[in-house]
Amino acid sequence: MVNSPETTPLAIDIDARGIVFYCRSGYEKDASDEIAALSAIYQWFGYANFKTNQGYFTFNFYDNHHALAFANQVNIDSLVFSRQYFVRYAILDNLPPKDRLGAVINGLEKINQSGSVEANSFLCLGSVSVD
């Protein structure tokens with residue numbers, strides 16, 4: 001684990017309940033409706049979070065196994081509105097201002113140790129302020 005004197009290991013809750021989808025700006029509602037309808041067919045239930053014109057949205061499944069099942073079974077080419085997606089394993093909020101990279105590396109190592117990382121999975125950085 002990478003720890004500098006200024007790097008504090010983050011408390012990261014590893015939870016693969018969310019998938020981040022990229023779409024054309026302005027199509028977030030259509031894209032999230034498509035994912036909700038497709039997920040309901042498989043009985044993988046959840047809800048979408050988005051802001052209009054941001055070009056992406058997150059679909060949060062109620063069960064983390066459903067997020068992984070979606071990622072493994074649904075081909076991006078079968079979707080009309082979404083261009084790309086990845087499983088979100090953790091959100092890193094409140095990164096330490098002096099060593100953000102060290103905190104991200106610690107998070108990646110923790111996720112890697114869980115043995116559940118897929119090739120198309122990432123950490124999502126929460127709000128990051130630049131001082």
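Helices (H or I, at least four residues) and strands (E, at least two) are DSSP runs, numbered from the N terminus. The model is predicted, so local features need pLDDT of at least 70 and side-chain atom pairs count only at pLDDT 80 or more, whereas totals for chains, interfaces and linings use all residues. Residues are numbered from 1 along each chain as its sequence is written, and side-chain values use heavy atoms, with hydrogens and water left out.

**Exercise 1.** Locate Phe 45 and state its exposure.

*Solution.* Begin with the chain: Phe 45 sits in the loop between helix H1 (28-41) and strand E2 (46-49). Next, take its relative accessible area, which is 45%; buried means under 20%, exposed over 50%, and partly exposed in between (1.4 Å probe, protein chains only). Phe 45 is therefore partly exposed.

**Exercise 2.** Determine whether Ser 39 is buried or exposed, and list what it touches.

*Solution.* Ser 39 belongs to helix H1. With a relative accessible area of 0%, Ser 39 is buried. Taking contact as heavy atoms within 4.5 Å, and not counting residues up to four places away in sequence, Ser 39 touches Trp 44, Phe 59, Phe 61 and Phe 70.

**Exercise 3.** Describe how strand E4 is enclosed and how it pairs with E1.

*Solution.* Strand E4 covers residues 82-92, and eight of its 11 residues are buried, so the strand is largely enclosed by the rest of the structure. Two strands pair if DSSP finds at least two bridges between them; here six bridges join E4 to strand E1 (residues 18-23), and the two run antiparallel. As one such position, Phe 21 has Tyr 85 in E4 as its bridge partner.
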